[in-house]
Amino acid sequence: MKWIYVRVKGWHGSAAIMVPPGLTVSEFKLLLGLDLGCNVLAAALFLPLPGTARLDELVDEFDTVYVEP
């Protein structure tokens, strides 16, 4: 289990979110109530993350993930 920060384009501030092991990017979007067509980006990777990727394998503890609706 990891904790990450989430920043959504157009929103002020960020939120700390727990990422359970094995959670995919698509499941992460559903968990947050986001549109499945939005882009999720990890600051270190600079590219949109594929929906089937396991989020906990791509980010480190307390990384910031950006969402572009």
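Helices here are DSSP runs of H or I with at least four residues, and strands are runs of E with at least two, both numbered from the N terminus.

**Entry 1: overall layout**

I started with the order of elements, and the protein chain reads β-β-α-β-α-β along the sequence. That makes 2 helices and 4 strands. I'm noting up front that this is a predicted model.

Next I looked up the dimensions. The C-alpha trace spans about 30 × 20 × 20 Å along its principal axes. The radius of gyration is 11 Å, and a compact globule with 69 residues would come out near 11 Å, so the two agree.

I also wanted the surface totals. About 4400 Å² of the protein chain is exposed, with carbon and sulfur atoms supplying 59% of that. Of the 69 residues, 32% count as buried. For the contacts between residues at least 6 apart in sequence, I found that 58% join residues at least 24 apart.

**Entry 2: the β1/β2 hairpin**

I went to the N-terminal end next. Strand β1 covers residues 2-8, and strand β2 covers residues 15-19. The two pair in the antiparallel sense, over 5 bridges. They form a hairpin with 6 residues between them. In the turn I checked Gly 10, which has a positive phi of about 95 degrees.

Which residue in β2 is the bridge partner of Tyr 5? I traced it across, and it is Ala 16. Tyr 5 itself sits in β1. Its relative accessible area is 33%, so I put Tyr 5 down as partly exposed, between the 20% and 50% cut-offs.

**Entry 3: a nonpolar patch**

Tyr 5 also turned up in a nonpolar surface patch, together with Met 1, Trp 3, Met 18 and Phe 62. I noted about 520 Å² of accessible area for the five together.

I took Met 18 next, which is found in strand β2. Met 18 is partly exposed, with a relative accessible area of 33%. Not counting residues up to four places away in sequence, Met 18 touches Met 1, Lys 2 and Trp 3. I also took the distance from Met 18 to Asp 56: they are 38 residues apart in sequence, and C-alpha to C-alpha they are 9.8 Å apart.

Then Phe 62, which lies in the loop between α2 (55-58) and β4 (64-68). Phe 62 is partly exposed too, at a relative accessible area of 47%. The backbone made me look twice: Phe 62 has a positive phi of about 65 degrees, although it is not a glycine. Most residues other than glycine have a negative phi.

**Entry 4: two loop residues**

Is Thr 24 buried or exposed? I looked it up, and Thr 24 is buried, because its relative accessible area is 15% and the cut-off is under 20%. Thr 24 is in the loop between β2 and α1 (25-32). Leaving aside neighbours within four places in sequence, I listed Gly 51, Thr 52, Ala 53, Arg 54 and Leu 55 as the contacts of Thr 24.

My last stop was Leu 36, in the loop between α1 and β3 (39-42). With neighbours within four places in sequence left aside, Leu 36 is in contact with Ser 26, Lys 29 and Leu 30. I also took a distance back to the hairpin partner from Entry 2: the C-alpha atoms of Leu 36 and Ala 16 are separated by 20 Å, and the two residues are 20 apart along the chain.

Note on methods: Residues numbered from 1 in each chain as written. Predicted model: local features only at pLDDT ≥ 70, side-chain atom pairs only at ≥ 80, totals over all residues. Heavy atoms only, no water. Patch = residues over 30% accessible without salt bridge, like charges linked within 9 Å, V, L, I, M, F, W, Y side chains within 5 Å. Areas by Shrake-Rupley, 256 points an atom, 1.4 Å probe, with all protein chains shown as cover. Salt bridge = Lys/Arg side-chain N within 4 Å of Asp/Glu carboxyl O. Buried < 20%, exposed > 50% of the residue type's maximum accessible area, 1.4 Å probe, protein only. Pairing = 2+ DSSP bridges. Rg over C-alpha atoms; globule rule 2.2 N^0.38 Å. Contact = heavy atoms within 4.5 Å.
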